[in-house]
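Hi there,

Here is the structure I promised to pass on. Have a look at it first, and then read on for what turned up.

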Amino acid sequence: MTVGRRPMISIAAATGLIEAIEAAGRNPEDVLRPLGLDRGLFSNPHGLIPSLDFARVLDETARATGDDCFGLHFGERFHPKDIGPLVYVVLHSPTIAVALDNVARYLRVHNEAAHVSFAIDEKWGYLRHVLAIPADLRRQHDEYSLAVDLRTIRLIAGSEWTPVEVQFEHKPPPETHEHARVFGAPVAFDRPANAFVVEREFCERQVPAADARLYPILKRYLDRDLDEMPPADDLLAAVRKEISDAVTNGDPTLTQIAMKIAIAPRTLQRRLKEQGADFKKLVNETRRRFALRYLQDRNNTLTEVAYLLGYAEVSAFNRAFKRWTRATPSEYRRGLASR
């Protein structure tokens with residue numbers, strides 16, 4: 001098994017970054033050189049750089065310029081159309097729910113470190129965004145990403161749109177007034193994932209400017225790109241597979257999984273940390289994914305679903321599912337039935 005391939009991001013994500021550093025009063029070379037990066041690297045919008053390097057640049061620029069919200073401000077000014085085909089398939093999706101599903105499906109073409117999911121319950125929709133990079137480098141990148149997400153959705157829905165709530169994984173920074181200004185909505189910190197909370201009714205709206213003839217052409221283009229992408233990091237893929245195989249027997253442990261893939265537990269823990277992954281979160285993500293799948297089949301009772309996910313009691317499954325989705329399994333099923 002080969003491990004260690006670094007997730008990449010399109011340099012298109014950095015469109016305008018050099019100019020933003022200069023506008024903040026710093027020489028871009030002074031920011032990039034200590035990171036081992038060259039200004040010329042950012043001149044080819046069709047190129048790729050490691051996602052970790054992009055996060056490091058945002059983090060270092062925030063420090064060097066004294067703008068603690070540099071990632072947020074850069075995302076606020078970034079034009080989503082600079083990303084390319086991904087944004088165009090979103091803009092031509094038939095409904096906003098389909099548009100957000102397409103963000104979740106195709107964002108990996110643009111940023112391999114981004115893991116996005118979209119789910120709807122009886123009242124709310126949740127667009128969740130998690131980065132597979134070390135936690136201490138995620139804040140600026142996370143704030144940049146959600147600011148770009150906001151601009152993208154506003155292109156679909158209108159410039160005055162705001163989410164019900166914005167959620168960030170990281171702890172609240174010393175000042176949060178800029179976050180409230182940019183998003184125009186309540187902003188919560190120290191949450192399980194970065195996310196937009198939106199009204200279910202909003203998700204069901206038609207996209208007024210969508211071109212029904214262009215949409216399938218764009219999807220075929222992105223599907224081809226997705227098929228041609230190199231496989232996800234083999235280590236994470238192997239860990240996820242072993243967790244999937246083990247959850248029915250209870251709580252998989254890091255030591256258990258490390259033995260399965262023939263790697264020392266401490267080494268596994270270190271490598272997961274290097275990629276911004278957390279073992280416990282991987283277990284919860286796996287259970288959540290399986291839970292949503294099992295609940296769609298009404299032949300599975302709640303007791304059976306709990307058992308399949310390794311829970312000894314339905315009550316424990318209910319509590320976990322509510323943490324993941326803010327709905328109980330029964331409420332989630334009722335929501336499916338009403339669609």
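Here is a question to begin with: which residue stands opposite Gln 167 in β7? The residue is Ala 195. Please keep in mind throughout that this is a predicted model.

**The sheet around β7**

That pairing belongs to a contact between strand β5, residues 165-167, and β7, which run antiparallel and share three bridges. Another partner pair joins these strands, with Glu 165 matched to Val 197 in β7. β7 also pairs with β4, again in the antiparallel sense, and here six bridges hold the two together. One of the residues involved is His 129, whose bridge partner in β7 is Asn 194.

If you step back, these strands are part of an open sheet of five, in the order β3-β4-β7-β5-β6, with mixed pairing. The edges are β3 and β6 (187-188), each of which pairs on one side only. As a reminder, strands of a sheet pair through backbone hydrogen bonds, and they can do so parallel or antiparallel.

Is β7 enclosed or open to the outside? Strand β7 covers residues 194-199, and five of its six residues are buried, so the rest of the structure largely encloses it.

**Aromatic rings**

There are 15 aromatic pairs in the model. One of them is made by Trp 161 and Phe 196, which meet edge-to-face, with 6.2 Å from centre to centre and 70° between the planes. This pair links distant parts of the chain: Trp 161 sits in the loop between α7 and β5, while Phe 196 is in strand β7, 35 residues apart. Both Trp 161 and Phe 196 are buried.

A second pair to look at is Tyr 311 with Phe 317. Their ring centres are 5.9 Å apart and the planes meet at 40°, so this pair counts as tilted. Tyr 311 has a relative accessibility of 15%, so it counts as buried. Phe 317 is buried too, at a relative accessible area of 0%. Tyr 311 has a charged neighbour as well: Arg 287 lies over the face of its ring, 4.7 Å from the ring centre.

Returning to Trp 161 and Phe 196, you will find both in one aromatic cluster, together with Phe 168, Phe 183, Phe 189 and Phe 202.

**Cavities**

How many cavities of 30 Å³ or more does the model hold? The count is two.

The largest cavity has a volume of about 230 Å³. It is lined by 21 residues, and those closest to its centre are Ile 83, Leu 107, His 129, Val 148 and Asp 149. You have already met His 129 as the bridge partner of Asn 194. The elements giving two or more residues to this lining are α5 (85-91), α6 (96-110), β4 (124-131) and α7 (138-157). Of these, α7 gives the most, with seven residues. Sorted by class, the lining has 14 nonpolar, six polar and one charged residues.

The second largest cavity holds about 50 Å³ of space. Its lining consists of Ala 119, Ile 120, Asp 121, Tyr 126, Arg 128, Arg 288, Leu 292, Thr 325 and Tyr 332. At least two residues each come from β3 (114-120), β4 and α14 (279-295). By class, that makes five nonpolar, one polar and three charged residues.

**A pocket to look at**

The second largest pocket has a volume of about 440 Å³. Among the 22 residues lining this pocket, Ser 10, Leu 48, Val 109, His 110 and Asp 225 are the closest to its centre. β1 (8-10), α5, α6 and α10 (214-228) each contribute at least two residues to the lining. In terms of class, there are 12 nonpolar, six polar and four charged residues.

If you want a place to start in the viewer, try β7: it pairs with β4 over six bridges and with β5 over three, and it carries Phe 196 of the edge-to-face pair.

Happy browsing, and best wishes!

Terms used
Residues numbered from 1 in each chain as written. Predicted model: local features only at pLDDT ≥ 70, side-chain atom pairs only at ≥ 80, totals over all residues. Heavy atoms only, no water. 1 Å grid on protein atoms, 1.4 Å probe; cavity = no way out; pocket = protein on both sides within 12 Å on 5 of 7 lines; lining within 4 Å. Points joined across faces, edges and corners; volume = space filled by probe spheres on them. Helix = DSSP H or I, 4+ residues; strand = E, 2+ residues; numbered from the N terminus. Nonpolar A, V, L, I, M, F, W, Y, C, P; charged D, E, K, R; others polar. Buried < 20%, exposed > 50% of the residue type's maximum accessible area, 1.4 Å probe, protein only. Pairing = 2+ DSSP bridges. Phe/Tyr/Trp six-rings, centres within 6.5 Å; stacked < 30°, edge-to-face > 60°. Lys NZ or Arg CZ within 6 Å of the ring centre and 35° of its normal.
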